[in-house]
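This report covers the aromatic rings of one structure and the charged groups that sit over some of them. The sequence and the structure come first.

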Amino acid sequence: GRNILSLMISRVLTAVILFLIYTRLIQYLGPEVAGQYGLIAGYLTVFGFFVDLGMQQLVIKKVSEDRTRSGQFLRNYFGVQFFLGLGFMLIMDAIVWLNHYPGLVQRALYLTSVSLLATSLTMPLMAIINAYQRLSLIAKVNFTNSLINGAMMALAVIFRRSLVFLALIPLIVAVFDIFLYGYLVDKNFTKFRISFDFKFWKQLLIWNTPFMLLTLFSIYNRIDTLILPHLRSFVENGYYTAVYKFWDTLAFVPAVVAASLYPYFAESLARGERQQAGEVLETYTRYMLALGVPLSIGAFALALPLTVSFFGPAFAPAAPALWLLVAAVSVLFVYVPVNSIIISQKTKAATIITGTTLAINLICNFTFIPRYGFVAAAVITLGSELIQLAGYTIVVKRRIVDFPYWRSFIKPIAAGAIMA
């Protein structure tokens, strides 16, 4: 509870700061350049999903179960991650080169690929802190990162800077994080050294196979930001990028809950505490429902005024996508507790479900985006999250922990109906 509270407070403060600055940035850029900026952010996000091939989740699980091996896992994970980051950086550069984007966009994307490498090197360090459930440290770093992000975005608006300047921001933050997290881990948990134990590297990759596929498939709710500019236009991607910020801002809640519950479930179920795990699942599912239902209803009622108020009249066409994306992230709220436990305990089942979601998502995106544009992308995102919710919940209830589920919906839905 204290882990979640500290990280939640940090995320709330930083989310508000960044959201307000981001809205000014989007208004400054306008729909077309905002769409180009959204493409850059999309590349970093999509490649960021699988740049470690899911190894961060594996290391958190392993160290949570046996903290005496934290040094061994950190040293080897960092070495493996350097080569993974370098490899994916080169892959991204090749894709950018083949797509013949406008010159300024291309230069910004090349710089973004370097940011991808630097960001990936923070993952081993964060995994150790997460495994020790010291999320207050991550909360403090996140807050500092947001101040840097916000300050540089504000400078971009004030001094009328280009996409290249904006692409530089993640690189500066990542380099700062490498040094800060390295210091914190070395001081508080285990000595930070790089190891070239190739036998252990091979074992890591073998253990990581289920997490690898799961991570690759998890791009289902971001891949549309790369598809839209090709099948429609930068302007439509600009509309989508603007209102997607509501998703990014709200998604900190399930991210915080997942970061706290994942090591807890790994540790408690390793000790055989199944009943306690079921009680935690029920409690957090109820809390997430209480947040998600009113958010969806409020977004449906206020989509247009919210869009115009935050992004300006030029972005009014984006309003239909806003409430659909908020509804999608509300669904994520509901299933994030079962998500935390299924990844820990039934990784293969989670991989199959998420792979199915990605396949359906891609088929629908390539079928409907050319005809219906960014609104179709938002509908598909919502549908994808509903598939995840149904699949994960069924597996957890049948194969891991059976806990009261449907009764948790009664009060939030009744309150939502009254609110509507």
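A residue counts as buried when its relative accessible area is under 20%, and as exposed when that area is over 50%; in between, it is partly exposed. The model described here is predicted.

With a relative accessible area of 17%, Y284 is therefore buried. Y287 has a relative accessible area of 46%, so this residue is partly exposed. Both tyrosines belong to helix α13, where three residues, about one turn of the helix, separate them.

A pair of aromatic rings is described by the distance of the centres and the angle of the planes. Across the whole structure, a search finds 24 aromatic pairs. Two of them are set out below.

| Pair | Centre to centre | Angle between planes | Geometry |
|---|---|---|---|
| F246 and F311 | 6.1 Å | 75° | edge-to-face |
| Y284 and Y287 | 6.0 Å | 80° | edge-to-face |

The pair of F246 and F311 links distant parts of the chain, 65 residues apart: F246 is in helix α11 (residues 234-250) and F311 in helix α13 (residues 274-311). F246 counts as buried because its relative accessibility is 11%. F311 is buried as well, at 2% relative accessible area.

F246 and F311 also belong to one aromatic cluster, together with F19, Y239, F310, F315 and F374.

Charged side chains come next. The charged end of K245 is placed over the ring of Y22, at 4.7 Å from the ring's centre. K62 lies over the face of W207, and the distance to the ring centre is 4.4 Å.

Conventions: Residues are numbered from 1 along each chain as its sequence is written. This is a predicted model: local features need pLDDT of at least 70, side-chain atom pairs count only at pLDDT 80 or more; totals for chains, interfaces and linings use all residues. Side-chain values use heavy atoms; hydrogens and water are left out. Rings of Phe, Tyr and Trp (its six-membered ring) pair if their centres lie within 6.5 Å; planes under 30 degrees apart count as stacked, over 60 as edge-to-face and the rest as tilted. Helices (H or I, at least four residues) and strands (E, at least two) are DSSP runs, numbered from the N terminus. Buried means under 20% relative accessible area, exposed over 50%, partly exposed in between (1.4 Å probe, protein chains only). A charge sits over a ring if NZ of Lys or CZ of Arg is within 6 Å of the ring centre and within 35 degrees of the ring normal.
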